[in-house]
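Please open the structure in your viewer and keep the sequence panel beside it, since each stop on this tour begins with something to select.

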Amino acid sequence: MSADKTDESDDKANATKAEEHQSPEGTTTPATWTSPDGVAVAYTADASWMSLRDDDDEPLADIFSVSCTADAPDRTRPVTFVFNGGPGASSAYLHIGALGPRRVAFSDQGMPLAPPTTLVDNDESWLAFTDLVFVDPVGTGWSRIVDRSKDAGDDKKGDAPDPKAFFGVNKDLDSLTEFMTRWLSAHDRWSSPVFVAGESYGGFRAAKLARLANERGIGLNGTILISPALEFALLDPSDYDVLPWIDLVPTMAAAAHHHGRGTALPASASADEVRAEAERFATGELATFLIRGASMPVEERDAVIGRTAALLGLPASLIAQHECRISMVRFARELLRDEGRVLGLYDATATGRDPFPDRDGMAWPDPTLSGIERVFAAGINARLRSELGVSTDREYHLLSMQVNKDWKIDFDQHALESQVGATDDLRYGMALNPDMKVFLTHGLYDMVTPYFSSDRIRNLLRLDDRTAGSLTVEHFHGGHMFYAWEESRVAFRRSIGSFYEGALGG
């Protein structure tokens with residue numbers, strides 16, 4: 001058979017495969033976003049699925065995304081790929097919470113309003129200076145594994161893709177990188193400046209992509225890490241650890257001060273002063289206490305316990321019982337126990353009623369994450385179905401706990417090699433691409449990914465002067481999703497606008 005006939009045969013076979021699997025039909029919607037100062041950006045919202053395929057052109061998964069691209073033909077306009085975390089979270093939180101042209105309405109301090117959920121124009125949308133591509137990783141939103149077993153014969157059912165194949169650190173990154181490269185090709189945007197922005201585990205993804213994207217041919221101009229979880233070891237503390245307990249103290253001290261329970265500093269002290277003292281104490285006397293344990297003289301131990309109690313607004317007896325290792329769940333329940341109130345883990349300024357004060361464990365709905373699920377679930381469905389006109393019977397998975405449960409470390413690792421993180425990839429990426437800028441940010445009252453963890457890591461990066469100048473670190477009032485606070489969203493938008501200008505050489 002000639003080469004031409006072979007190529008023709010392959011093309012026909014691939015076309016047949018493409019016909020066998022059709023991704024759901026998306027929509028294209030023209031719209032205009034107008035800034036508070038009257039600058040109008042005409043854009044197109046493309047809500048659609050992209051099919052990821054294996055080397056044999058067999059469909060593996062359909063990734064759903066919403067691309068908001070300005071109608072101006074200038075291909076030098078930046079494009080930013082956006083994803084949230086979990087693992088298992090869709091991109092809805094950043095899409096309709098902070099970055100997109102439309103957002104859900106909250107109170108000024110980020111608390112849910114009475115239902116029904118309302119969508120409003122987002123004055124702080126990043127559409128002002130970049131195109132936005134909101135990506136739902138496989139298993140989240142409307143992105144799904146392709147189930148080929150339904151149409152396969154018995155002899156081929158074993159060839160169907162593993163329904164959990166994408167739920168791993170490396171496979172997830174590979175799928176996102178493939179999506180990015182194919183999106184840039186499909187939209188003729190390889191000449192555009194490229195940024196990635198990720199929140200929480202999405203920040204872990206973005207830090208990893210600082211290296212991986214460059215190695216796959218995508219030169220990043222900027223990487224934005226929002227409330228990132230950079231090192232897994234810091235998320236699972238034990239009685240024998242030191243660092244995770246240190247990292248939590250400044251956030252808890254700030255929360256105790258906010259609720260009028262901290263006594264280490266005068267009530268007139270500012271939040272900045274409280275955090276500064278808590279940071280000093282946590283990395284000094286408290287760190288020594290946590291390292292030395294029972295070998296520390298009783299007088300010194302008592303002094304540290306007393307100071308910890310004063311900073312955290314908790315009884316010294318409780319601090320002593322737990323050897324100064326106070327978990328976020330314990331702090332959330334104990335600080336306002338006398339009022340029958342609990343704190344939000346994701347924003348410790350938020351409070352809710354404890355429905356089971358006599359039960360052990362976390363038996364209450366978190367007033368932050370649990371309270372906003374209905375807001376974002378209703379908001380993203382209204383945005384996609386009503387405003388963008390997408391018609392599908394699929395359920396939108398805002399936050400899939402099944403994906404989270406099935407997540408795995410999908411690379412070779414010895415049982416004794418337990419370190420999994422993204423900081424090394426970020427450092428490597430910054431050395432590989434010295435022109436890439438990095439923006440690192442947290443909410444000051446977030447106990448799940450505390451700001452001081454990233455601050456401490458930042459100080460251990462061993463950056464030279466030039467590279468250090470490429471890293472911007474700025475935190476805002478609020479919690480994990482600090483942008484729900486009106487004041488913080490406005491300040492964040494102002495800072496990130498300056499960051500883009502600097503990353504583009506402005």
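The tour goes from the confidence of the model to its pocket and cavities, then to its core, and ends with single residues and bonds.

**Confidence**

Begin by colouring the chain by pLDDT, bearing in mind that this is a predicted model. The mean pLDDT of the protein chain is 90, and 92% of its residues reach 70 or more. Now select residues 9-18, where the pLDDT is below 50 and where the model shows 7 contacts beyond near neighbours in sequence.

**The largest pocket**

Next, select Gly-86, Leu-235, Tyr-346, Val-448 and Thr-449, which are the closest to the centre of the largest pocket among the 43 residues that line it. The volume of this pocket is about 960 Å³. If you colour the lining by residue class, you should find 26 nonpolar, 12 polar and 5 charged residues.

Which helix gives the most to the lining of the largest pocket? Select helix 5, residues 243-258, and you have the answer, for helix 5 contributes 4 residues, the most of any helix. Helix 10 (328-334), helix 11 (369-387), helix 12 (401-406) and helix 14 (451-458) can be added to the selection, as each of them supplies at least two residues of the lining.

**The cavities**

From the open pocket, turn to the enclosed spaces, of which there are 4 with a volume of 30 Å³ or more. Select Gly-110, Asp-347, Thr-368, Met-481 and Ala-484, which lie nearest the centre of the largest cavity and belong to its lining of 17 residues. About 140 Å³ of space lies in this cavity, and the residues around it divide into 11 nonpolar, 5 polar and 1 charged.

**The nonpolar core**

Now select Trp-126, Ile-224 and Ile-496, the residues with the most contacts inside the largest nonpolar core, which has 52 residues. Several elements give two or more residues to this core, among them strand 2 (40-53), strand 7 (131-136), strand 9 (194-199), strand 10 (220-226) and helix 16 (486-503). In soluble globular proteins, nonpolar side chains tend to be buried together.

Keep Ile-224 selected and show what surrounds it: leaving out residues up to four places away in sequence, Ile-224 touches Trp-126, Phe-195, Val-196, Ala-197, Gly-198, Ala-206, Phe-439, Ile-496, Phe-499 and Tyr-500.

Helix 2 also gives two or more residues to the core, and it makes a good next selection at residues 92-99, where 8 of its 8 residues are buried. Moving along helix 2, you pass Ala-92, Tyr-93, Leu-94, His-95, Ile-96, Gly-97, Ala-98 and Leu-99.

**Two serines**

Is Ser-65 buried or exposed? Select Ser-65 in strand 3, which covers residues 59-70, and show the surface around it. Ser-65 counts as buried because its relative accessibility is 3%, which falls under the 20% limit. Apart from neighbours within four places in sequence, Ser-65 is in contact with Asp-46, Ala-47, Ser-48, Val-133, Phe-134, Val-135 and Phe-179.

For a contrasting stop, select Ser-317 in helix 9, residues 316-321. Ser-317 is exposed because its relative accessible area is 57%, and the limit for that class is over 50%. If you measure from the C-alpha of Ser-317 to the C-alpha of Leu-384, the two are 52 Å apart in space, with these positions 67 residues apart in sequence terms.

**Backbone details**

Finally, display the backbone and select Gly-86 and Pro-87, where the peptide bond is cis with omega near -5°. Gly-86 was met earlier among the residues closest to the centre of the largest pocket, while Pro-87 lies in the loop between strand 4 (79-83) and helix 2. A cis peptide bond also joins Pro-115 and Pro-116, with omega about 5°, and Pro-116 sits in the loop between strand 5 (102-104) and strand 6 (119-121).

Select Ser-200 next, in the loop between strand 9 and helix 4 (201-215). Ser-200 is not a glycine, yet its phi is positive, at about 65°, and with 15% relative accessibility it counts as buried. The last stop is Glu-323, in the loop between helix 9 and helix 10. Glu-323 has a positive phi near 50° although it is a residue other than glycine, and its relative accessible area of 30% makes it partly exposed.

Conventions: Residues numbered from 1 in each chain as written. Predicted model: local features only at pLDDT ≥ 70, side-chain atom pairs only at ≥ 80, totals over all residues. Heavy atoms only, no water. pLDDT = per-residue confidence, 0-100. Contact = heavy atoms within 4.5 Å. 1 Å grid on protein atoms, 1.4 Å probe; cavity = no way out; pocket = protein on both sides within 12 Å on 5 of 7 lines; lining within 4 Å. Points joined across faces, edges and corners; volume = space filled by probe spheres on them. Nonpolar A, V, L, I, M, F, W, Y, C, P; charged D, E, K, R; others polar. Buried < 20%, exposed > 50% of the residue type's maximum accessible area, 1.4 Å probe, protein only. Core = buried A, V, L, I, M, F, W, Y, C linked by side-chain atoms within 4.5 Å.
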